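Student: I have a chain to look at and some terms I do not follow. Can we go through them one by one?

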Amino acid sequence: MLNREILSPEVQRYLIDHQHERASRIALQKSPFRNVTSSDLAQQIDGRQRVLKKIPEWLTPPGIYFPPKLNLEQCSSALTGKYKSDLVSPGCHIIDLTGGFGVDSFYFASKASFVTHCEINTELSEIVQHNFKMLGVHNVKFLAQEGITALQDSNERFDYIYIDPSRRVENKKVVRLQDCIPNVIDHQELFFNKSKTIITKLAPLLDISLALVSLEHVCSVYVLSVGNDCKELLLVQKQGFMDEPTIHAVLLGQRDSKVLSFKSSQEKELSLVYSNPLSYLYDPDVAITKSGAFKTVAQAFNVFKLAPHTHLYTSEALQPNFPGRKYKVLNMFSLKDLKKASTINKANVVTKNFPLKVDEIRKKYKIQDGGFEFLYFCTLVSGEHVALFCQRLPDDI
């Protein structure tokens with residue numbers, strides 16, 4: 001049960017005053033409160049620190065209650081939550097079958113008329129219900145019930161079904177669709193009996209082509225990244241859709257986002273032009289590589305690829321909107337010449353389609369980590385192994 005003593009002004013003040021301390025240190029100290037343990041305080045401080053990174057706006061109202069960290073690890077961030085809310089129509093009714101800490105339901109509620117939040121963990125359901133009151137969200141119904149069961153018991157038909165199946169089974173992480181809980185493949189008939197549109201959040205490591213084979217009526221695939229880190233893979237299914245799905249590589253940012261959309265058949269039909277490094281080098285964002293937009297990105301931004309399996313691009317003129325990291329090429333070294341370049345003894349080392357690992361390269365060429373320059377070790381279309389000495393350009397140029 002939710003320990004309401006934690007919500008008292010005295011405890012809340014303590015949590016704010018100690019919110020930047022290590023939770024493990026707080027857990028070892030004696031609690032200054034009679035009915036709140038050191039473990040309780042550590043859990044709340046750990047929760048505040050995690051939410052500060054993911055959903056900072058949730059720290060503004062007083063009295064937000066934080067569950068154990070396991071319930072926070074899989075929850076969405078503000079950026080991904082907001083993006084998903086844009087995938088639903090205003091005024092809709094959506095059921096979140098795996099509500100968890102409620103981040104997705106929170107952002108869906110900003111667009112929908114009504115959201116049903118299902119969570120089998122009764123304590124977590126109570127926590128989310130309390131937090132939504134503190135956040136001023138009143139158009140959400142809470143069911144302390146397993147989502148599939150709740151859907152089976154419901155007489156309603158929803159505009160959207162949202163599901164984020166657990167990717168942790170018996171304390172082990174899984175990535176295959178059929179290994180997640182609940183198994184969405186087994187419940188496709190139920191889903192389409194209750195809604196025309198299904199939105200499924202999947203493991204970033206999941207193979208997109210395998211997911212498309214496993215699920216029918218997929219109209220859209222979204223690969224969401226934040227800071228060059230693939231955060232979510234979303235599949236949207238529409239009842240009766242039989243065409244080829246559109247894949248969207250989405251780079252989410254605080255100020256703006258970049259989206260590159262394509263279809264797999266279009267990607268296959270494109271041809272690539274290869275080139276040795278020119279004045280500028282581009283390292284595509286993980287959303288681009290995960291989505292498989294290797295040819296599409298080259299065509300869209302008028303750049304050349306270094307080699308078929310070297311996922312780096314180049315151009316003579318700068319392409320400032322390229323979705324990824326951009327560099328000015330200062331020099332290109334053969335591996336033999338690099339050993340003679342005694343002035344390069346410190347750099348950020350990156351490998352792309354190269355036989356040695358970063359640690360092996362540092363040891364072999366006596367390169368210290370750090371500095372402002374980058375060394376990209378890669379393979380050219382000729383098969384030659386080279387090192388590109390580069391200076392990174394600002395992301396907002």
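Tutor: Begin with the nonpolar cores of this predicted model. The largest nonpolar core has 44 residues, and those with the most contacts inside it are Leu 97, Leu 151, Phe 191, Leu 233 and Leu 235.

Student: What makes another set, with Phe 66 and Leu 72 in it, a core?

Tutor: A nonpolar core is a set of buried nonpolar residues joined through side-chain atoms within 4.5 Å. Apart from the largest core lies another core, of 39 residues, among them Phe 66, Leu 72, Phe 142 and Ile 199.

Student: Which residues does Leu 235 contact, leaving aside neighbours within four places in sequence?

Tutor: Contact means heavy atoms within 4.5 Å. On that count Leu 235 is in contact with Ile 198, Ile 199, Thr 200, Leu 202, Ala 211, Leu 215, Val 218, Ser 220 and Val 221.

Student: Why is Phe 354 called buried?

Tutor: Buried means under 20% relative accessible area. Phe 354 has 13% relative accessibility, so Phe 354 counts as buried. Phe 354 is found in the loop between β16 (348-352) and α15 (358-365). Not counting residues up to four places away in sequence, Phe 354 touches Leu 335, Ile 361, Phe 377, Cys 378, Thr 379, His 385 and Val 386.

Student: How do you know that β1 and β2 pair?

Tutor: Two strands pair if there are at least two bridges between them. β1 and β2 (residues 114-118) have four bridges, in the parallel sense, so they pair. One partnership is that of Ile 95 with Thr 116 in β2. From β1 the chain crosses through helix α6 (residues 103-109) to β2, and this β-α-β crossover is right-handed.

Student: What makes β1 and β4 a pair as well?

Tutor: Three bridges join β1 to β4 (residues 160-163), and the cut-off is at least two, so these strands pair too. They run parallel. Here Ile 95 stands opposite Ile 161 in β4.

Student: Which way do the residues of β1 point?

Tutor: His 93 and Ile 95 point one way from β1 (residues 93-96), while Ile 94 and Asp 96 point the other way. All of them are buried. In a regular strand the side chains alternate between the two faces of the sheet.

Student: Which residues of helix α13 are buried, and where do they pack?

Tutor: In α13 (residues 294-301), Thr 296, Val 297, Ala 298 and Phe 301 are buried. The buried residues of α13 pack against β11 (258-262), α11 (264-269), α12 (286-291) and β14 (310-315). After α13 comes Asn 302, with a positive phi near 55°.

Technical notes
Residues are numbered from 1 along each chain as its sequence is written. This is a predicted model: local features need pLDDT of at least 70, side-chain atom pairs count only at pLDDT 80 or more; totals for chains, interfaces and linings use all residues. Side-chain values use heavy atoms; hydrogens and water are left out. Buried means under 20% relative accessible area, exposed over 50%, partly exposed in between (1.4 Å probe, protein chains only). A crossover is right-handed if, with the strands pointing away from the viewer, the path from the first strand over the helix to the second runs clockwise.
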